Amino acid sequence: MFLEIQYEDIDNSRINGSFKLIDLRSPSEYYSETIPGAINIPIFTDEERKIIGTTYIQESIDKAKKLGIEAVSKKLPQIYEIVSQLDKEYDSLIFFCARGGFRSNTVASLFRSIGINSIRLDGGYKSYRRYINENLPKILETVNFVVLYGNTGSGKTEILKYIKENGHDVLDIEACANHRGSLLGSVGLETPPHTQKMFEGLIYDTLKNRKSNLLFTEGESKRIGRVVMPDYMFDKIKKSKNIYINSPINIRVQNILKEYVHDTDEELIEALNLLRKRLGSKNIDNYIKMINDKKYNEVIEELMIKYYDPLYESKNREYIATFNNLDAKETAEQMINLFK
């Protein structure tokens, strides 16, 4: 039985049976970024972590440890209930904290002593990040992309959804970023955009779990919300095979309406205000009035014509095929047939 494990061993399936990764860090650490698939069982609240850390630096290590033990002991019955249930579902439980130190050592040792197959991730989340930094460029070298381009609202995301449902590999970059890539890109999303570390972890996880070396993806700018594609990834996608998706403007308007407009007026107005320098305050004030009057279709069509389409048409790319997308499912099937 492992007492500790390297992330490389997990990634290369060197652990027997099923397992669950458990992130022991505080809620804010976990929600900022974690290992994909991990669940959070925090042994310290954010406030407790702050107090213990300050004590560790400004007073003494012993006092910080005492505060930590006091904080954990209050939560142990509740933590035990969760861990004992997980122990019934998985062959191994792999605990990690920030650096594989006090938190994961203490918890893994405690549960191991009462018969739960507990393993500590050596080096914690920091060692996982080091592994991703080293291996994401390598795994990208082994895959090929088919990249979908097309004006805003042309249905690229919907096409990718049907391609995936047909059993083919898709890299949804926008989902990994939790952002749609434009100034309106976070409108209507229930959770904040992902951090750079979480983005890269999700990209790696998707590539690692692919079934083939051909993946369909959507063409994106280098910056997507809060994250930036690493140069090696952006260059790889730029050199891939390109497909152009063409849709009539009425369908594009309906696609955008469906994706962005659902009790999101305040978010839409906030995003539009960021376009004042580019489109002028008079236009933006008019769009805001139209939103307040529920004239969404007119706003969407004008933004496409005056803002998004001119930006897109300035790009100079070569395409191996063009698809007129009137039905996303049919377009997906045609595209799959092209690459059979």
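Author: Helices (H or I, at least four residues) and strands (E, at least two) are DSSP runs, numbered from the N terminus. With that, L326 can be placed: the loop between β12 and α16 holds L326. This is a predicted model, where local features need pLDDT of at least 70 and side-chain atom pairs count only at pLDDT 80 or more, while totals for chains, interfaces and linings use all residues. Residues are numbered from 1 along each chain as its sequence is written, and side-chain values use heavy atoms, with hydrogens and water left out.

Reader: Is L326 buried or exposed?

Author: Buried means under 20% relative accessible area, exposed over 50%, and partly exposed in between (1.4 Å probe, protein chains only). L326 has a relative accessible area of 62%, so L326 is exposed.

Reader: What does L326 touch, beyond residues up to four places away in sequence?

Author: Contact means heavy atoms within 4.5 Å. By that test, L326 touches P248, I251 and T331. Now look at G155. L326 and G155 are 171 residues apart in sequence, and their C-alpha atoms are 9.0 Å apart in space.

Reader: Where is S26, and what does its side chain meet?

Author: Find the loop between β2 (19-23) and α2 (27-32); S26 is there. S26 counts as buried because its relative accessibility is 0%. A polar contact is a pair of N or O atoms within 3.5 Å; within protein, one must be able to donate a hydrogen and the other to accept it, and residues adjacent in sequence count only if both atoms are side-chain atoms. The side chains of S26 and D46 make one, at 2.9 Å. Leaving aside neighbours within four places in sequence, the contacts of S26 include N40, P42, F44 and R103.

Reader: How do I read the open sheet of 5 strands?

Author: Strands of a sheet pair through backbone hydrogen bonds, either parallel or antiparallel. Two strands pair if DSSP finds at least two bridges between them. Here the order is β7-β8-β6-β11-β12, with parallel pairing. The edge strands, β7 (170-171) and β12 (321-324), each pair on one side only. Helix α10 (residues 231-238) packs on this sheet and touches β6 and β7.

Reader: Which residues stand opposite each other between β6 and β11?

Author: Strands β6 (residues 144-149) and β11 (residues 241-246) pair in the parallel sense over 4 bridges. Y149 faces Y244 of β11. V146 has K241 of β11 as its bridge partner. Continue across the sheet: β11 and β12 run parallel, joined by 4 bridges. There, Y244 stands opposite T322 of β12.

Reader: Which residues that are not glycines have a positive phi?

Author: N178 is one of them, with a phi of about 50 degrees. The loop between α8 (173-177) and α9 (196-208) contains N178. N178 is buried, because its relative accessible area is 14%. K294 also has a positive phi, about 65 degrees, and is not a glycine. K294 is in the loop between α14 (281-292) and α15.

Reader: Which elements give two or more residues to the lining of the largest pocket?

Author: They are α7 (156-165), α10, α11 (249-260), α15 (296-313) and α16 (328-338). On a 1 Å grid over the protein atoms alone, a pocket is an open set of points where a 1.4 Å probe fits, with protein on both sides within 12 Å along at least five of seven lines; lining residues have an atom within 4 Å of a point. The helix α11 gives the most to this lining, with 7 residues.

Definitions and conventions. Axes are lines fitted to C-alpha atoms, for helices over the stretch in contact, and angles run from 0 to 180 degrees between N-to-C directions.
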